[in-house]
Amino acid sequence: MTPSLNELKLAAAKAPVVPVLVVGSVEQAAPLAKALLDGGLTIAEVTLRTPAGIGAIAAMKAAAPELLVGAGTVLNGDDVRNSLEAGADFLVSPGMSHGLLAALGKHKPLLIPGIATASEAMSRHEEGFELLKLFPANIAGGVPALKALAGPLPHLQFMPTGGVSADNAGDYLALPNVVAVGGSWIATKADVESGDWAGISRKAREALSAISS
Ligand code: 3PG
């Protein structure tokens, strides 16, 4: 495990909810980062699904250096390079491809790759990955799948993402092989577009208090 993913695990131990963000404009990034910190969160993932994604990572790190900011939807070498140049602390992909693996090079330990089956989890472990994203978590079997994977693959840890919500985050986080959950419900695209920073902070606080109670 690299220092960077260790840092992520330490941050997740404090606040194990990772908002998955779609940022439409770089101007939204600084108030968004501050709203997440205000809500008690320590980690965020900015998807590269919008042209503003890379700029948003840089702007969030500038506004809130203590927030760990990862790049999500990392699909290829350009995404890896652009994300790291923007200051991303970690990378998240929905799955793995030969091209992405080759492009990672020495940055391989920064990636949390998506998996949906035991075979994919075994392949990623052979390649050196220990923290995996179960994706799409609700379709790939959810909580029962993670419980089942813990039997034969106890050395692997997971960040389930996709279909995680306020209602089921606690069920995932109760599992010993779950480090954090990812999800868009804390700061939806609509929340970010409308600048509902107070609402985002409130949802973050509610999520953290629900899992600590
Ligand atoms: C995504 O693909 O956007 C993430 O996995 C988040 O999924 P969610 O909207 O179901 O939380």
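**Note on helix 3 and the salt bridges**

1. The buried residues of helix 3 are covered by elements that include strand 1 (17-21), helix 2 (29-38), strand 2 (43-47) and strand 3 (68-72). The model under discussion is a predicted one.

2. Which residues of helix 3 (residues 53-63) are buried? They are Gly53, Ala56, Ile57, Ala59, Met60 and Lys61.

3. Side chains of opposite charge can pair when their charged atoms come close. In this model the count of salt bridges comes to six. Three of them are described in the points that follow, each with its helix.

4. In helix 4 (residues 77-85), aspartate 78 and arginine 81 stand three residues apart, so about one helical turn separates them. The two form a salt bridge, and their closest N and O atoms lie 2.9 Å apart. Aspartate 78 is partly exposed, at a relative accessible area of 46%; arginine 81 is also partly exposed, at 45%.

5. Helix 6 (residues 118-127) holds arginine 124 and glutamate 127, again three residues apart and therefore separated by about one helical turn. Their salt bridge has its closest N and O atoms 2.6 Å apart. Is arginine 124 buried or exposed? Its relative accessibility is 10%, so arginine 124 counts as buried, the cut-off for this being under 20%.

6. In helix 10 (residues 197-212), glutamate 206 and arginine 202 are four residues apart, which means a separation of about one helical turn. The salt bridge between them brings the closest N and O atoms to 3.3 Å. Glutamate 206 is partly exposed, with a relative accessible area of 43%, and arginine 202 is partly exposed as well, with 42%.

Terms used. Residues numbered from 1 in each chain as written. Predicted model: local features only at pLDDT ≥ 70, side-chain atom pairs only at ≥ 80, totals over all residues. Heavy atoms only, no water. Buried < 20%, exposed > 50% of the residue type's maximum accessible area, 1.4 Å probe, protein only. Helix = DSSP H or I, 4+ residues; strand = E, 2+ residues; numbered from the N terminus. Contact = heavy atoms within 4.5 Å. Salt bridge = Lys/Arg side-chain N within 4 Å of Asp/Glu carboxyl O.
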